[in-house]
Amino acid sequence: MNDNIALFILGNLFLKDSDEGRLLPDEACYKHETSGGSLPGIQANEAPIEYLIQSGKDAGKPVTDVIYLCPDSCLAPNVPAAQAKAIIPGFSTTDDAISTEEFFLERIRSFCEANDCTMPTASPVPFNPLRPADSLDDLVEMLGTGAHISIDITGGPRDAVILLTLAAQIIKMGAKGTTIGEVLYANFNEKTIYKQNNSFDLIDLVNAIDAFTDYGRADQLKDFFHGNPYIKEPTKRLCKAMEAFADALTLCQINNIEDKVLQVQQCLDEMEKALGGLKETYKLYTNAIEQIDDDSEIREQSFLEAMDEITALNPAKNFTVYAGAELARELSKLRKPAMINRAELLFLSLIPTIREKFIPSTVDQTSLTLELIKWCSNHQMVVQALCIYRERIGQCLLEKGYFVPLDAADELDEDKRSDEICDLPLNCSFENRSLFLCAGTKTKKLRETPNAYFELDRSREGQLRLIAIWFRYLHATRNTIVHADGDRGSFAYFFSMAFLGKDRDETVEIETLRGDILEAIMAIEKPKTVSRQDWQDARSAAFSDLNRYKQRVSDGSNRADMSQYAQSGQGESGTSLGSALDSETRAKLDAMFGKGEN
């Protein structure tokens, strides 16, 4: 439906009580706030719909359809037909009374004939004010692809605007090529039709900010402010910073991702300071202007107090030569640079909420990295959390003192040093009684070679065990998800599975994985020591599991049921050891599987 549509809720026509009986309200003349004109209106929706029909004709895009939600009360015959005949040229009926709907359509028909406009097609949608959402399905079905839809929010019950707001959002996310035109409201007291698009558009801004703080997306925010020449530079810088962070996060480009977080946080501070100052300046001038002729005692600041501040801001200007309306005009000129559009004012008011929902400020970069990983995990960005964890945890552990650089590390160039630091947790070899920092993980020879650039802080080796266990598990899981080398056949991976009580054949679930990431971060923030006994128990279980896995790969047989490995044991560290089996259970398993039996 490539049409120009007017959408509204039909409002009731309220008759006046008089000695002569019930009478129609008086006709009033409305004008549009910018285009002016004279539009007759008796029933609430008349003037706005007439304006859309007239403006559509003038623009060469006539309104083709009026789609309206019609409550049962507007179908009741409560309008005296004789009165309708008297004020609507060409209207004829044999009924004693007509409905509000019929009266409205006849008034629109009369307007179209008088102004040489095409009468649009009327398409009512049943509407129950007690169950307004029931109408949405039918309404959306009538709004086709490529339509241009303008909305009148004047009629209907007081909560009707909420339903029309929902309809507008559905339109925006629905049919391809469908656009929202003018959103209008006819003010009865002022007899003026006001454009309400700015207020409706603020909903888009709230949605855009929510998309950023909840899902790390900045595309909606970019679209909202795109091409707006009136926004301030601090707002532009903040939007660009948010976009840079969101793009990097979406593409898992995590080099210097912390710097992008800091840039967003700094831009939030700059925008709040700059626009907050402008807001106060605007308030100062407005306060003085409004009290020029009537100094109010109920205001926080008197006229003289306001003028003292204004004079201090403009030391070269002599305000004593102005009075009354002339002073008001001069103050208005000075106030103009401090004007902020309503979208930016809303944005400004939401900065505390953005800070609360975004990655919190931290005292150091290590803490910022950990907070970033947790934020991604808690906001449906598990893959991004895994990527940042894999690439950045080595640097965090170095800064926390788990690893110590050797003299040879000073000779590394920046890229090589970065690679070495990134792989520090991966190069922790799970030896018989402790961790060993080797030169690499690709070959047996490298695994047995000490790292030439860094060494473990042996005093913290007990705490690093749990961190290294989580790292090897999440490293392999992340690689599997992104279809890289899964590393799921290594001893270290089976060791981690055994220690954490996980089954290699289990399907990874988002919520479980999210919890695993948060536990891995907790192991760094609140470290626990893994005892040697727990370490040895996990090694024993891991060897058995790894041997059965290798046999399955070699002969193609199905893997044995590993449910017995899901039993939990508690070591000194208090960490759950799902596969740390007692000797009797291990003996039974060895008897069942030790010789390769299925």
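Which residues form a nonpolar patch on the surface? In this predicted model, local features require pLDDT of at least 70 and side-chain atom pairs count only at pLDDT 80 or more, whereas totals for chains, interfaces and linings use all residues. Residues are numbered from 1 along each chain as its sequence is written, and side-chain values use heavy atoms, with hydrogens and water left out.

The surface patch consists of Val 383, Ile 481 and Val 482, with about 180 Å² of accessible area together (Shrake-Rupley method, 1.4 Å probe; patch residues have over 30% relative accessible area and no salt bridge, that is, no side-chain nitrogen of Lys or Arg within 4 Å of a carboxyl oxygen of Asp or Glu, and nonpolar side chains are joined within 5 Å). Val 482 lies in the loop between helix 18 and helix 19 (491-500) (helices are DSSP runs of H or I, at least four residues). Val 482 counts as partly exposed because its relative accessibility is 35% (buried, under 20%; exposed, over 50%; partly exposed, in between; 1.4 Å probe, protein chains only).

The largest nonpolar core (buried Ala, Val, Leu, Ile, Met, Phe, Trp, Tyr and Cys residues joined through side-chain atoms within 4.5 Å) has 93 residues. Helix 18 (residues 461-481) supplies the largest share of this core, 10 residues. Met 242, Phe 245, Phe 347 and Phe 403 have the most contacts inside the core (contact, heavy atoms within 4.5 Å). Beyond neighbours within four places in sequence, the contacts of Phe 347 include Leu 205, Phe 225, Met 242 and Ile 354. A second, separate core of 25 residues includes Leu 105, Cys 117, Leu 184 and Ile 193.

Note on methods
Helices (H or I, at least four residues) and strands (E, at least two) are DSSP runs, numbered from the N terminus. Patches are made of residues with over 30% relative accessible area and no salt bridge: like charges are joined within 9 Å, nonpolar side chains (Val, Leu, Ile, Met, Phe, Trp, Tyr) within 5 Å.
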